[in-house]
Amino acid sequence: MLKNKQKLMLGLPYYFWAIAFIIIPLCLVIYYGLTDKTGAFTFNNIASIADPQHTKALWIAVKLSIISTIICLFLAYPLAMILVNFKKGKSSILVMLFILPMWMNFLLRTMAWQTLLENTGVINTLLQTIGLPKINIINTPGAIIFGMVYNFLPFMVLPIYNSLAKIDINVVNAARDLGANGIITFGRITLPLSLPGVISGITMVFVPALTTFVISAILGGNKILLIGNVIEQEFSQTSNWHLGSGLSMVLMVFIIISMIFTAIFDKDGEGLI
Amino acid sequence: MKTAGSVLKRIYIALIIIFMYAPIVTLIVLSFNSSKSRAKWGGFTTKWYVSLFQNDAILQAFFNTIAIATLSAIIATIIGTLSCLAINSMKRKGKTFWMGITNIPMLNAEIVTGISLMLVFIFLGVKFGFFTILIAHITFNIPYVILSIMPRMKNLNPSTYEAALDLGASPFVSFFKVVLPDLMPGILSGFLMAFTMSIDDFVITHFTKGPGVDTLSTKIYTEVKKGIKPEMYALSTIIFITILVLLFLVNVSGNDNKKEKIK
């Protein structure tokens, strides 16, 4: 085999890349977040999260992303269980559900929900023909939750599916042989063993939902600002990188907490891919 | 009882599929809508498919998207594969460290990755444009490559490589003839994953692009406010149907191979 040292050299392009484009950029966010325009040290950028408008945006983002994470979990768990036990064409269903839709641009797909959910849109017309009341969901927090669930559901299904697929069927059978019924077996065996997948799934949905600005811009009709929208505006409109960086650092705290949470429960990294 | 359960399961999967595909069907329908408004149906037309090929701005954005996806996926695959060989030969601590670094772009919020790269380009004084988007895409693509090759590294059998050396092959030849084929499925899926992610990315491109350079995503985002050009629906439909047909063909030929093996 190549000598160990030579092998380590093969990683050089990546070491360089990771330092230049992963580590240094994050350090720069912290640097900008902790300085003002003159370059002097300040906590003001981070403290501006206490500004009522910013606090409101953060609070709405946290609330909507928690709700969509819970909905994703309840939709995804049964789906993952069905798919694990599905024999025919399992992988093609997975691809069809999650990979193929990505080939239609995600902004367009989200926008298509606008067309579907509109007050005079397809869904309301359908509801009316079967005699059900209309739903006025467009440009409300409800529509944003809808978009979040739609966009991030795959991130919940895949890790749960992976952890369920790893469960040794003999363990489940043993529980059944020892007299446990279906519900007890699920509660005592299947659910605890799939917990790493569930935790990864929660992180994989919560982080992008918390930080999105696109979904709220398209489905919230620009009336509802999430913390992501505030940060995006600081960067692309007001060009106040220092304030934007400071607010991003607040977001990073949430992200780091989620990462630690995942690292504790999901040691094998089941949530990844 | 059993059949009732499996019917329910099928209905559930069907409902999820409808949920995932409702917007896609909507977009395909809109590409044939002769009215420019999304809200009403003005009759069937294929005119958008014709005018698409006269719309230079959309075609340029499409070209940029494909060029960035191809280049970034290829470069990320090369860097990622090499780094897997290196990381795999590290001691435990080094391995944990570099895998931790690799996880950062995967777990970090896209908006934070986007602005952090934007800040580094400002800091370095690089001109924003095609090049900065490419670097950003390579950065978020490398982890996908590494994470799809790494599981295969663990199963790699060093004896086959040593056997090739014993039989007189040079290290270079043995690597290409023995190690690489073993890793190939991982490398390939990493490449495809990277390519797909690059095509679908908006947020990171949004922060790292320069004025005048657009990918399909950023072009769509600016059009969302003014109203999307129906040609965009036509292009998306063409892309989607192409991939659908390709996947179908790959699946069919894949099944044929399996059958032959069984024979």
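**Two chains, a few questions**

Biologist: Let's start with a cysteine: what is the relative accessible area of A:Cys27?
Modeller: Bear in mind that this is a predicted model. Buried would mean under 20% and exposed over 50%. A:Cys27 falls in between and counts as partly exposed, because its relative accessible area is 43%.

Biologist: And is A:Cys72 buried or exposed?
Modeller: The cut-off for buried is under 20% relative accessible area. A:Cys72 has a value of 0%. So A:Cys72 is buried.

Biologist: How many disulfides turn up over all chains?
Modeller: A disulfide is a covalent bond between the sulfur atoms of two cysteines. For a pair to count here, the sulfur atoms have to sit within 2.5 Å. Searching the whole structure gives a disulfide count of zero.

Biologist: On to the contact between the chains: how much area do chain A and chain B bury between them?
Modeller: The contact draws 78 residues from chain A and 81 residues from chain B. Carbon and sulfur atoms carry 82% of the buried area. The area that chain A and chain B bury is about 7,800 Å².

Biologist: Which residue of chain A meets B:Asp200 in a salt bridge?
Modeller: The count between chain A and chain B is one salt bridge. Its N to O distance is 3.6 Å, and the cut-off is within 4 Å. The side chain that B:Asp200 meets is that of A:Arg109.

Biologist: What is the area of the nonpolar surface patch that includes B:Phe248?
Modeller: B:Phe248 sits in helix H11 of chain B, residues 230-262. With a relative accessible area of 56%, B:Phe248 is exposed. Its patch partners are B:Ile241, B:Leu244, B:Val245, B:Leu246, B:Leu249 and B:Val252, and together they make a patch of about 610 Å².

Biologist: Now the backbone: what is phi of A:Asn139?
Modeller: A:Asn139 belongs to the loop between helix H7 (122-129) and helix H8 (141-166) of chain A. Its relative accessible area is 27%, so A:Asn139 is partly exposed. Phi is positive here in a residue other than glycine, with a value near 65°.

Biologist: Which two helices flank the loop that holds A:Ser239?
Modeller: A:Ser239 isn't a glycine, yet its phi is positive, about 55°. A:Ser239 counts as partly exposed because its relative accessibility is 38%. In chain A, the loop with A:Ser239 runs between helix H12 (227-236) and helix H13 (241-265).

Methods
Residues are numbered from 1 along each chain as its sequence is written. Chains are lettered from A and ligands numbered from 1 in the order in which they are written. This is a predicted model: local features need pLDDT of at least 70, side-chain atom pairs count only at pLDDT 80 or more; totals for chains, interfaces and linings use all residues. Side-chain values use heavy atoms; hydrogens and water are left out. Buried means under 20% relative accessible area, exposed over 50%, partly exposed in between (1.4 Å probe, protein chains only). Patches are made of residues with over 30% relative accessible area and no salt bridge: like charges are joined within 9 Å, nonpolar side chains (Val, Leu, Ile, Met, Phe, Trp, Tyr) within 5 Å. Accessible areas come from the Shrake-Rupley method with a 1.4 Å probe; for residues, only the protein chains shown count as cover. Helices (H or I, at least four residues) and strands (E, at least two) are DSSP runs, numbered from the N terminus. Contact means heavy atoms within 4.5 Å. Buried area is the accessible area (1.4 Å probe) that two parts lose on being put together, summed over both.
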